[in-house]
Amino acid sequence: MVVQIGRGHALAFCAAVGVFLSCGVARAEDPNSWREIETKYIFGFTLGSGIGLEGEKEVTVDSIGRFGKRQGHYAASETKYEFEFTPSQFIQIEFGALGSTHNIGGVDSLDDRSQIALGGAFAELRYLALERTSNNPLAVTLAVEPTVRRIDETSGERVRNFEFETTVNADLELLRNRLYAGFNLLYEPEVTKTTLGDTQREAKAGGSAALSFRILSNVVLGGEIWYLRHYDAANLTAFTGDAILLGPTLFIKFAPKMFMTAAWNAQVWGREIGNPAAFNLSEFQRNRVRLKFAYEF
Amino acid sequence: MNFENTQHPKGFKVAVLTIIMRKLVLAAVCAIAMFQTSASQAQQATEIQLTYSKGQFQPSQVSAPANKPISFRIKNLDAKAMEFESTSLRVEKVVAAGSEGVINVRALKPGRYEFYDDFNDKARGALTVQ
């Protein structure tokens, strides 16, 4: 029953987004009079190819909340307090600190806890490998993001964790200034050392597809789907489960130098190796939410 | 879950730091390489002169050859600052009132590249590269 309700909500949200996209409001303005849009944050969890403008700087608060395990209550968040800048017309650099919160109770294999902590630090390098022109609608950016954590993302325990996220961020302008498709490929190996001295190596791999429609010059609505696989080895040899997440996305530019992006993904399908229960709630969560505010200068 | 007991916690720390350092050095080398490429391209740039007056670019339509770097030289004749900006050119620069700004752009592929004043929505222009 719970399973059906969760899936129903996600599908209903996507259907609502679809209806909104096709309504008359979307045809009220002439998109040819709009400025081109920076695509990096218009696809929710999926990242577009944008790297900003040379000389541009940005401060950002980017929160990701994860909710729902098989039992009890589970709510965790990780917030990036981020500074990003674009030193050339091909490279973007970001770095910052991570804050984390955990509110866990009655979840198998996780200790109950309620805590707020400084979770770690990260840096990201993005390189624009293929740029969009008026004759080529496809753009591709390659990104690497090393992250160190002192608080485990899932359990909230004290650990020493090193993660190296590698992504390919591609997007396609399907209708000029109006309709965009985004695609991500992800490979994210990590190694974690617990306070008991155990070392865990794991990796996440997967991909996403997103579709975003610019309904107003400063508002973009869309939906995205993610397929994620989890392994208990960095070289992708010990598969433990996978999941499909689906949900709507929203991007609003409040002012020329200020914007927000929001996204919600619900797990609509998942499996755990050795567990016949529906969904993969061991390595992934039932819902995840992203809320990001940015100011450019 | 692939847990294993580790006998050398210091070794783990060193290994992690080594990986981080290698990646950061690689990133820095890539970044420096890109800066050097950009700098060398700027030496052979095609110059485009624009004036900004009464909230408009003059001329508003310009052209340049493909695969050659471009240098925009913008004179702001207005009494307030303007910001030359372009998403497709991936540049932005504030030009103070009564002054001149230079913006260097990489070698471009054929196409149309729009630019505008970020402080004034009505000020638009376009560069055609062919």
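**Surface, fold and aromatic pairs of chains A and B**

The accessible surface of chain A amounts to about 12000 Å², and carbon and sulfur atoms supply 65% of that area. This value, like the others below, comes from a predicted model. Of the 297 residues in chain A, 56% are buried. For the overall dimensions, a box of roughly 60 × 45 × 35 Å along the principal axes holds the C-alpha atoms of the chain. A compact globule of 297 residues would be expected to have a radius of gyration near 19 Å, and chain A, at 19 Å, therefore agrees with that expectation.

Turning to the fold, chain A contains 1 helix and 12 strands. Along the sequence the helix is followed by the strands, in the pattern α-β-β-β-β-β-β-β-β-β-β-β-β. Among the contacts of chain A with a separation of 6 or more, 60% join residues that lie 24 or more positions apart. The chain carries 30 positive and 35 negative charges, and the mean positions of these two sets are 2 Å apart.

Chain B can be described along the same lines. Its secondary structure consists of 1 helix and 10 strands. Here a strand opens the chain and the helix follows it, giving β-α-β-β-β-β-β-β-β-β-β from the N terminus on. Chain B has 130 residues, 40% of which are buried. Its accessible surface is about 7200 Å², with 56% belonging to carbon and sulfur atoms. For contacts in chain B with a separation of 6 or more, residues 24 or more positions apart account for 58%.

The aromatic side chains add some local detail to this picture. Over all chains, 13 aromatic pairs were counted. In one pair, the ring centres of Phe72(B) and Phe84(B) are 5.1 Å apart and the planes meet at 45°, so the arrangement is classed as tilted. This pair connects distant parts of the chain: Phe72(B) sits in strand β5 (residues 70-76) of chain B and Phe84(B) in strand β6 (residues 82-86) of chain B, with the two positions 12 residues apart in numbering. Both Phe72(B) and Phe84(B) are buried.

A further aromatic grouping is found in chain A. There, Phe83(A), Phe85(A) and Phe95(A) come together with Tyr295(A) and Phe297(A) in one aromatic cluster.

Conventions. Residues numbered from 1 in each chain as written. Chains lettered and ligands numbered in written order. Predicted model: local features only at pLDDT ≥ 70, side-chain atom pairs only at ≥ 80, totals over all residues. Heavy atoms only, no water. Helix = DSSP H or I, 4+ residues; strand = E, 2+ residues; numbered from the N terminus. Buried < 20%, exposed > 50% of the residue type's maximum accessible area, 1.4 Å probe, protein only. Contact = heavy atoms within 4.5 Å. Areas by Shrake-Rupley, 256 points an atom, 1.4 Å probe, with all protein chains shown as cover. Rg over C-alpha atoms; globule rule 2.2 N^0.38 Å. Lys, Arg positive; Asp, Glu negative; His and termini not counted. Charge placed at Lys NZ, Arg CZ, Asp CG, Glu CD. Phe/Tyr/Trp six-rings, centres within 6.5 Å; stacked < 30°, edge-to-face > 60°.
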